[in-house]
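Welcome! Take a moment to look over the sequence and the 3D view below, and then we can walk through some side chains together.

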Amino acid sequence: MSKSIMEPKGSRVCFLCALLDGDDMEKRALHKHHIFPGKNRKLSEHYGLWVHLCVKHHEGDIEGCREAVHHPEFNGYQRMLQEMAQEKWESLPGHTHEEWMEIFGENFIGRNSHNLREKSTEKMEVCT
């Protein structure tokens with residue numbers, strides 16, 4: 001298992017709670033989310049392209065919160081994480097955009113149409 005390049009080693013904080021809400025409280029129940037699913041899941045693991053997410057942000061919660069990366073009607077956070085992961089990976093010494101394209105075959109930068117990082121206070125789906 002590789003360490004995440006997206007968060008500090010040993011982090012017990014939901015990546016999206018911290019990013020979007022400023023909530024850096026440690027959580028008991030965190031899920032490991034591979035940012036690139038399907039055929040690229042093994043690549044996500046190998047290159048450390050994963051983050052910890054709380055249940056709400058990973059799968060949604062029991063009250064029907066749809067603000068989750070795996071909710072079929074809401075994938076803005078997933079697109080944002082993919083863009084951030086590519087940016088982070090390409091910023092590391094020895095990595096280039098060309099190498100990214102050879103490995104992943106797809107450019108994720110600039111696809112974040114909702115620009116959630118800048119509009120973190122204007123949530124697409126409010127869950128209380």
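Searching the whole structure turns up 0 disulfides. Keep in mind that this is a predicted model. Let's look at the cysteines, then the aromatic rings, and finally a residue in the segment before α1.

**Cysteines**
- Why is there no bond at C14? Its closest cysteine sulfur, in C17, is 3.6 Å away, which is too far, since a disulfide needs the sulfur atoms within 2.5 Å.
- C54 has its closest cysteine sulfur in C14, also at 3.6 Å and too far for a bond.
- C14 is buried, at 0% relative accessibility, and C54 is buried too, with a relative accessible area of 9%.

**Aromatic rings**
- You can find 8 aromatic pairs in the structure.
- In one of them, the ring centres of F36 and W100 are 5.5 Å apart and the planes meet at 65°, so this pair is edge-to-face.
- F36 sits in the loop between β1 (30-34) and α2 (41-47), while W100 belongs to helix α5 (residues 97-104), 64 residues apart.
- F36 and W100 are both buried.
- Y47 and W89 also pair edge-to-face, because their centres are 5.8 Å apart and their planes are at 90°.
- Y47 is in helix α2 and W89 in helix α4 (residues 76-91), so this pair ties together parts 42 residues apart in sequence.
- Y47 is partly exposed at 22% relative accessibility, whereas W89 is buried at 1%.
- One aromatic cluster is made up of F36, Y47, W89, W100, F104 and F108.

**A charge over a ring**
- The charged end of K32 sits over the ring of W50, 4.3 Å from the ring's centre.

**Around S2**
- S2 is found in the segment before α1 (15-21) and is buried, at 18% relative accessibility.
- Among the residues S2 touches are E45, Y47 and W50.

Terms used
Residues are numbered from 1 along each chain as its sequence is written. This is a predicted model: local features need pLDDT of at least 70, side-chain atom pairs count only at pLDDT 80 or more; totals for chains, interfaces and linings use all residues. Side-chain values use heavy atoms; hydrogens and water are left out. Helices (H or I, at least four residues) and strands (E, at least two) are DSSP runs, numbered from the N terminus. Buried means under 20% relative accessible area, exposed over 50%, partly exposed in between (1.4 Å probe, protein chains only). Contact means heavy atoms within 4.5 Å. Rings of Phe, Tyr and Trp (its six-membered ring) pair if their centres lie within 6.5 Å; planes under 30 degrees apart count as stacked, over 60 as edge-to-face and the rest as tilted. A charge sits over a ring if NZ of Lys or CZ of Arg is within 6 Å of the ring centre and within 35 degrees of the ring normal. Lists of a residue's contacts leave out its neighbours within four places in sequence.
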